[in-house]
Amino acid sequence: MPSTFPPGEPAPEDGALPPAALEGMRSRHFSVYLHVPFCRVRCGYCDFNTYTLPELDDGAAPEGYLAAAGAELEVAARALSPGSPGPVSTVFVGGGTPTMLAPAALGSLLAGVRDRWGLVPGAEVTTEANPDTITPAVAEQLAAQGFTRVSLGMQSAVPHVLRTLDRTHDPAGVARAVTAVRGAGLQVSLDLIYGTPGESLEDWRSSLEAAVALEPDHVSAYALVVEPGTRLHGQVRRGEVPAPDDDDEADKYELADEVLAAAGYGWYEISNWARSPEHRCAHNVAYWSGADWWGIGPGAHSHVGGVRWWNVKHPRAYADRIGQGLAPVHAREVLDAEQRYAERVLLGVRLGDGLPVDDLRPVGRTAVAGLVADGLLDGRAAVRGRAVLTLRGRLLADTVVHRLLPG
């Protein structure tokens, strides 16, 4: 959820969707995202729509948020009812730091989803969490509320890197949180960041090895991006810290794939590895596959049937619109055929399972051989009829997509 919204067009005040977007919805996967916009501190690199509690008045604080989010679930139920969506396949609670809320509060949101649409058997239900918010008691309560998976923001195992990122936890706290989550019978995912100013290649290796030693079910590793408006962006602009270097990040990416593959983790999307196909993040796969999802909460984004929209950002504005009986939508866009095709190519080639070559238009099918020769597409996958971006081509994704698309 970046700080700057894309351009869009006004949306109906009741949140209604075009009939075409709802056609066939019951036969498609449907997911729900719940955005909890609260953090104890704002990390210097973070561009997400988050707020510390002192920044908010009472109506925008957790109690008001829970009431407003519950009301938006009702808005969603009414808007989607003509499409008769099937049970929800995945639920993901992100932020912010969702576990700033009590497990019972998170459970009330999950219950709201379940009451309106139901959940498929074995549905993946994830919450993000900072390691220092997880105790054995919290993990047990999350499991009791119906969560199946916790994604922990580890970021690094090196203290000076964590300090640069303004993270509040210490490396030992990650191990305690993993033990607590696993003890509650929940799946564990660890999020890592590479390319932090001052992080050496050996620092990054230490973080990878520490993560592997914890034996999580899933690992995500993201390159640090210095976003405009963040504290880190100001530090880089003033020359206080160096900007991330593309070559350094490419080296760290390749090291991540080497270490994780050696430990038995399979790469399945540019930034994601899983212990087995069953441990992939099904919710994120739904995003990358163009499935339907409704995003609940301030600044949350949604997509149903080629219509994408995003909510007003500030918790107060969000609560005010809900209080007036209005959908909290800031704007929306209806994707045309060219946009949907471009997004399918962009996302499909980044997945380990790839994009069927036959799904490409003639210019794209013609380009595949050249991209394989240049080492940007996986030649073995292309022979099997799938276009898959090679690991070494991660930083060249735009080049790949440009050559696969017309114009």
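**Notebook: cavity, strands, cysteines, one helix**

I began with the lining of the largest cavity and sorted it by class: seven residues are nonpolar, one is polar and one is charged. The model is a predicted one, and I keep that in mind for every entry below.

Next I listed the residues behind those classes. The lining is made up of Ala11, Pro12, Gly15, Ala16, Leu17, Trp294, Trp309, Val329 and Arg332. Glycine is counted as polar and arginine as charged, so I put Gly15 and Arg332 in those two classes. I then looked up the volume, which is about 40 Å³ for the largest cavity. How many cavities of 30 Å³ or more does the structure hold? I found one.

Trp309 from the lining led me to strand β13, which spans residues 307–311. I checked how well β13 is covered, and five of its five residues are buried. In a regular strand, side chains alternate between the two faces of the sheet. I therefore looked at each side of β13 separately, with under 20% relative accessible area as the cut-off for buried. Val307, Trp309 and Asn311 are buried on one side, and Arg308 and Trp310 are buried on the other.

I then followed the neighbours of β13. Strand β12, residues 301–304, runs antiparallel to β13 and is joined to it by four bridges. Which residue of β13 is the bridge partner of His303? I noted Arg308. The hairpin of β12 and β13 has two residues between the strands, and there Gly305 takes a positive phi near 55°.

Strand β14, residues 329–334, also pairs with β13 in the antiparallel sense, over five bridges. In this pairing I found Ala331 of β14 opposite Trp310. Val329 and Arg332, both noted in the cavity lining, fall within the residue range of β14.

I turned to the cysteines. The count of disulfides is zero. Are Cys39 and Cys281 buried or exposed? Cys39 is buried, with a relative accessible area of 10%. Cys281 is buried too, at 1%.

My last entry is on helix α4, residues 136–145, where Val138, Ala139 and Leu142 are buried. Viewed down the axis of α4, the buried residues lie within an arc of 100°, so they line one face of the helix. I looked at the face turned away from that buried side and found the exposed residues Pro136 and Ala144 there.

Technical notes
Residues are numbered from 1 along each chain as its sequence is written. This is a predicted model: local features need pLDDT of at least 70, side-chain atom pairs count only at pLDDT 80 or more; totals for chains, interfaces and linings use all residues. Side-chain values use heavy atoms; hydrogens and water are left out. On a 1 Å grid over the protein atoms alone, a cavity is a set of points where a 1.4 Å probe fits but cannot get out, and a pocket is an open set with protein on both sides within 12 Å along at least five of seven lines; lining residues have an atom within 4 Å of a point. Grid points are joined across faces, edges and corners, and a volume is the space filled by probe spheres set on the points. Buried means under 20% relative accessible area, exposed over 50%, partly exposed in between (1.4 Å probe, protein chains only). Two strands pair if DSSP finds at least two bridges between them. A disulfide is a pair of cysteine sulfur atoms within 2.5 Å. The arc is that of the directions from the helix axis to the C-beta atoms.
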